[in-house]
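Open the model in a viewer and keep the selection panel at hand. The stops below go from one selection to the next.

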Amino acid sequence: MNSDLVTVQAPAKINLQLSVGPVRTDGFHDLVTVFHAIDLCDTITVRDNENISGAEFGITVTGEGARFVPEDASNLAVKAAALLAQHHGITRTATIEIDKRIPVAGGMAGGSADAAGVLIACDRLWELHTPMTVLEQLAAQLGSDIPFSLHGGTAIGTGRGEVLSPVIATGEFHWVIALMDGGLSTPKVYAECDRLRAENVQAENQPSVSEPLLMALRQGDPELLARSLTNDLQPAAISLMPKLGRVIDTGLELGALAGIVSGSGPTCVFLAKDKDASIGLAAELAGSGVCRTVRTASGPVQGPR
Ligand code: ATP
């Protein structure tokens, strides 16, 4: 069916494990990470510009942190749409609307979610039927987290995070998300991680995937999962934004099974025993005043749909 408008929900990710290896010669770090997509989603609508002669890509951004997101060709969502058109050798353009719920520069791969969402949405809009393997290659060209954002679910990421392997996971996990004022730049957090390691404050491990974490996911057991959550970037994020330590302590005092900084931060995520516990924890955490605002979410969820 031909349609001149497609809307997708693009989920955020959290890292259940984020192990950072030594810095490589290309400046990136080798990672071993376990990605997990949760139902905190940006809503993306793409409209075809076919009837507007000579129209370029257009973009408008509303919602959470919209004022920090560029509304021009530097937006990852526009880059994704342009790359898809270029790959197929077509001159089509689109107008993209993003209603954000994923915090900007929050360590939840919001820009990557938008790029992955636009790849899926424009592929449908322009009826290109691009094979998933090709979409994955385009995604990897756009950014390290984007191949995972395309798939969703739970997956191991190696290399810069772009090489994915499946994980067997059962059940559903319930999360409370603490959103902070301001963001953290991912490159600055990695640089701080390197600085702390050079000072020997933080040991540098050769990364490998955590077997207890994989077992917790296979069993769908939140108590086991809580004991296996790790993030090598957490000391660096807390060093740059010390109040994150207080946020995590408060969530744990309020009964979270575990709490960690999400990716490069500053968003913090807490694992709850079940959905009811997540709602109670969210209310108490919001009342504690340690963070700007609070959301609940569950995972895993599929990629943009
Ligand atoms: P990372 O994927 O590196 O962990 P993050 O989740 O911390 O990133 P994002 O929300 O993806 O952070 O934003 C990182 C930067 O990318 C922001 O400074 C923002 O201005 C820019 N950006 C470009 N396009 C987008 C987009 N569609 N949504 C959000 N940010 C975008």
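Start with Lys 100 and Asp 42, whose side chains form a salt bridge with N and O 2.5 Å apart. This is a predicted model. Lys 100 belongs to strand β4 (residues 94–100) and Asp 42 to strand β2, so the bridge ties together parts that are 58 residues apart in sequence. Both Lys 100 and Asp 42 are buried. A search of the whole structure gives 14 salt bridges.

Next, select Asp 181 and Arg 292. They form a salt bridge in which the closest N and O atoms are 3.4 Å apart. Asp 181 sits in the loop between β7 (173–179) and α5 (186–198), while Arg 292 sits in the loop between α10 (275–288) and β11 (293–299); the two are 111 residues apart. Arg 292 has a relative accessible area of 39% and is therefore partly exposed. Add Glu 64, which also forms a salt bridge with Arg 292, here with the closest N and O atoms 2.5 Å apart. With Arg 295 added, the selection holds a network of salt bridges that links Glu 64, Asp 181, Arg 292 and Arg 295.

Another pair to select is Arg 246 and Glu 253, whose side chains meet in a salt bridge at 4.0 Å, N to O. Arg 246 is partly exposed, at 47% relative accessibility, and Glu 253 is exposed, with a relative accessible area of 58%.

Now colour by domain: the assignment gives domain 1 (5–166) and domain 2 (173–299). Their centres, taken over C-alpha atoms, are separated by 23 Å. Show the contacts between them: 31 residues of domain 1 touch 39 residues of domain 2. The two domains bury about 2,600 Å² between them, and 59% of that is on carbon and sulfur atoms. On the domain 1 side, pick out Leu 16, Leu 18 and Val 20, which lose the most area to domain 2 and together make up 22% of what that side buries. Between the domains there are two salt bridges and 16 residue pairs in polar contact. The elements giving two or more residues to the side of domain 1 that touches domain 2 are β1 (5–23), β2 and β5 (154–159). Of these, β1 supplies the largest share, eleven residues.

Turn to the interior. Which residues touch the most other members of the largest nonpolar core? Select Ile 96, Trp 175 and Leu 225, which do so in a core of 62 residues. Helix α2 (residues 110–125) gives the most to this core, eight residues, and the core draws at least three residues from each of domain 1 and domain 2. Around Ile 96, leaving out neighbours within four places in sequence, the contacts include Ile 44, Val 46, Ile 59, Val 78 and Val 118. Another core, of 28 residues, lies apart from it; among its members are Ala 178, Leu 196, Ala 236 and Leu 244.

Then select Asn 49, in the loop between β2 (29–48) and β3 (58–63). Is Asn 49 buried or exposed? At 4% relative accessibility, Asn 49 is buried. A polar atom of the Asn 49 side chain lies 3.1 Å from the backbone oxygen of Glu 56. Not counting residues up to four places away in sequence, Asn 49 touches Ala 55, Glu 56, Thr 93, Ala 94 and Thr 95.

The last stop is Phe 270, in strand β10 (residues 268–272). Phe 270 is buried, at 0% relative accessibility. Its C-alpha atom is 6.6 Å from that of Ile 260, ten residues away along the chain.

Note on methods. Residues are numbered from 1 along each chain as its sequence is written. This is a predicted model: local features need pLDDT of at least 70, side-chain atom pairs count only at pLDDT 80 or more; totals for chains, interfaces and linings use all residues. Side-chain values use heavy atoms; hydrogens and water are left out. A nonpolar core is a set of buried Ala, Val, Leu, Ile, Met, Phe, Trp, Tyr and Cys residues joined through side-chain atoms within 4.5 Å. Buried means under 20% relative accessible area, exposed over 50%, partly exposed in between (1.4 Å probe, protein chains only). Helices (H or I, at least four residues) and strands (E, at least two) are DSSP runs, numbered from the N terminus. Domain bounds come from an automatic or database domain assignment. Contact means heavy atoms within 4.5 Å. A polar contact is a pair of N or O atoms within 3.5 Å; within protein, one must be able to donate a hydrogen and the other to accept it, and residues adjacent in sequence count only if both atoms are side-chain atoms. Buried area is the accessible area (1.4 Å probe) that two parts lose on being put together, summed over both.
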